[in-house]
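Trainee: I have a model open and would like to go through it with you. Can we start with the overall picture and then move to single residues?
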Amino acid sequence: YKNDEGIMVTFMQTGQAPQQLKIEKGKKITAEQLASIRIVQDEGYEPYEWDFDFENTPITETIQIALKPAVAKTFTITYELGEVANAKLYDAEKNETKEFTQRAKYGENVVVGYAEAPLNQHKKFLGWKVKGEDGKEFATNQKYEFTKDITLVAQWRNMTDKEISAAEDAVAAVGEGAAKVCTLVGGESTAAEIARSEAGERTD
C-alpha cells in the first residue's frame, strides 16, 4: 500500500497483531521510528531482533519485516556433593563424570545426574536440593525444565545396619578387588549390581 504520505512497512511477530509504519519512499527507518514498534519478549530466549538491515536499506516498496529465528538461552546446572566430598558423580546415562556442571537449554527437559558415596562412608544418596532455596528438591532420573542458572547440592542420610550389611556382602561376594563403592538410588541399594559389573570387567 502506498499513498502521498509514504510506503507502508508491516512488522510481524508470531502470535502478535501486525504493527505498521509509513516511511517516505527512499528513506531508511530511523531508530526513533523503530522504537515505536513493540516486541513481546519471552525471557527464556535471547533478545529478539528484526530480520532486516535498517542501517543500510532504504524503503522503496511495501514490505513485511519479521523477527529472526528465536535463540533459546542456555543455563548452567552446577553440582555440589555436600557432606560427602569424595563421592562420585554420574551423569544421566550412568557414566562417571568429572564435569560438575551441566548445560540446559530453555524449553528442553533435562535429566539431572546422581551421586554415590564410598561404601565405608555408610551414606545413602537421596537426591538434590537447590542451593539457597529451602525445600525445593530434584530427584534423579526425572526430567526438569530450567529457566535460570542453578546449583544442586547432594542430600545424604546414614545407611541402616541392614543396608550396610547387604552392601558389604555384595562387595565381598565377588572377592578382593571388587567394587568399593555402593550406589544407592531411589531408596534401593545397587551394590550387588555394581559388584557383578566390575567383577565382569576384571581379567583373570
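Trainee: Among contacts between residues at least 6 apart in sequence, what share joins residues at least 24 apart?
Mentor: That share is 60%. Keep in mind that this is a predicted model.

Trainee: How many helices and strands are there?
Mentor: The protein has three helices and 17 strands.

Trainee: And what percentage of the residues is buried?
Mentor: Of the 204 residues, 36% are buried. The exposed surface of the protein is about 12700 Å², and carbon and sulfur atoms account for 45% of that area.

Trainee: Let's do sheets. In what order do the strands of the five-stranded open sheet run?
Mentor: The order is E8-E5-E14-E11-E12, with mixed pairing. Strand E8 (101–105) and strand E12 (137–138) are the edges, each pairing on one side only.

Trainee: Which pairs are parallel or antiparallel, starting with E5 and E14?
Mentor: E5 and E14 run parallel and are joined by four bridges. In that pair, isoleucine 77 stands opposite isoleucine 150 of E14. E5 and E8, on the other hand, pair in the antiparallel sense over five bridges, and there phenylalanine 75 faces alanine 104 of E8.

Trainee: What about E11 and E12, how many bridges?
Mentor: Two bridges, and the strands run antiparallel. Tryptophan 128 has phenylalanine 138 in E12 as its bridge partner.

Trainee: Now the interior. Which residues of the largest nonpolar core touch the most other members?
Mentor: Ile77, Trp128, Phe138, Phe146, Leu152 and Trp156, out of 23 residues in that core. Strands E5 (74–80), E6 (88–90), E10 (114–118), E11 (123–130) and E14 (150–158) each supply at least two of the core residues. The largest share, four residues, comes from E14.

Trainee: Is there a general reason to expect such a cluster, and what is it?
Mentor: In soluble globular proteins, nonpolar side chains tend to be buried together.

Trainee: Back to Trp156. What does tryptophan 156 touch, leaving out residues up to four places away in sequence?
Mentor: The list for tryptophan 156 includes Leu81, Val84, Ala87, Ala115, Ala117, Phe125 and Leu126. Charged residues are on the list too, among them Glu83, Glu116, Lys123 and Lys124. Apart from the largest core lies another one, of 14 residues, among them Val9, Tyr48, Phe54 and Ile65.

Trainee: You mentioned Lys124. Is lysine 124 buried or exposed?
Mentor: Lysine 124 counts as buried, because its relative accessibility is 5% and the cut-off is under 20%. It is found in strand E11. The side chain of lysine 124 also makes a polar contact with the side chain of glutamate 163, at 3.1 Å.

Trainee: And phenylalanine 125, buried or exposed?
Mentor: Phenylalanine 125 is buried, with a relative accessible area of 3%. It lies in strand E11 as well. Its C-alpha atom is separated by 6.5 Å from that of alanine 115, and the two residues are 10 apart along the chain.

Trainee: Change of topic: backbone. Which way does phi usually go?
Mentor: Most residues other than glycine have a negative phi.

Trainee: So what is phi at lysine 94?
Mentor: About 70°, a positive value although lysine 94 is not a glycine. Lysine 94 lies in the loop between E6 and strand E7 (96–97), and it is exposed, with a relative accessible area of 57%.

Trainee: And where is histidine 122?
Mentor: Histidine 122 is in the loop between E10 and E11. Its phi is near 55°, again positive in a residue other than glycine. With 29% relative accessibility, histidine 122 counts as partly exposed.

Trainee: Last region, the hairpin of E2 and E3. How many residues lie between the strands?
Mentor: Six, and glycine 15 in that hairpin takes a positive phi near 85°. Strand E2 (residues 6–12) and strand E3 (residues 19–23) run antiparallel and are joined by five bridges. Methionine 8 has lysine 22 of E3 as its bridge partner.

Trainee: Which residues form the aromatic cluster that includes Phe11?
Mentor: Phe11, Trp50, Phe52 and Phe54 form one aromatic cluster.

Methods:
Residues numbered from 1 in each chain as written. Predicted model: local features only at pLDDT ≥ 70, side-chain atom pairs only at ≥ 80, totals over all residues. Heavy atoms only, no water. Pairing = 2+ DSSP bridges. Core = buried A, V, L, I, M, F, W, Y, C linked by side-chain atoms within 4.5 Å. Buried < 20%, exposed > 50% of the residue type's maximum accessible area, 1.4 Å probe, protein only. Contact = heavy atoms within 4.5 Å. Areas by Shrake-Rupley, 256 points an atom, 1.4 Å probe, with all protein chains shown as cover. Polar contact = N/O pair within 3.5 Å; in protein donor to acceptor, adjacent residues only side chain to side chain. Phe/Tyr/Trp six-rings, centres within 6.5 Å; stacked < 30°, edge-to-face > 60°.
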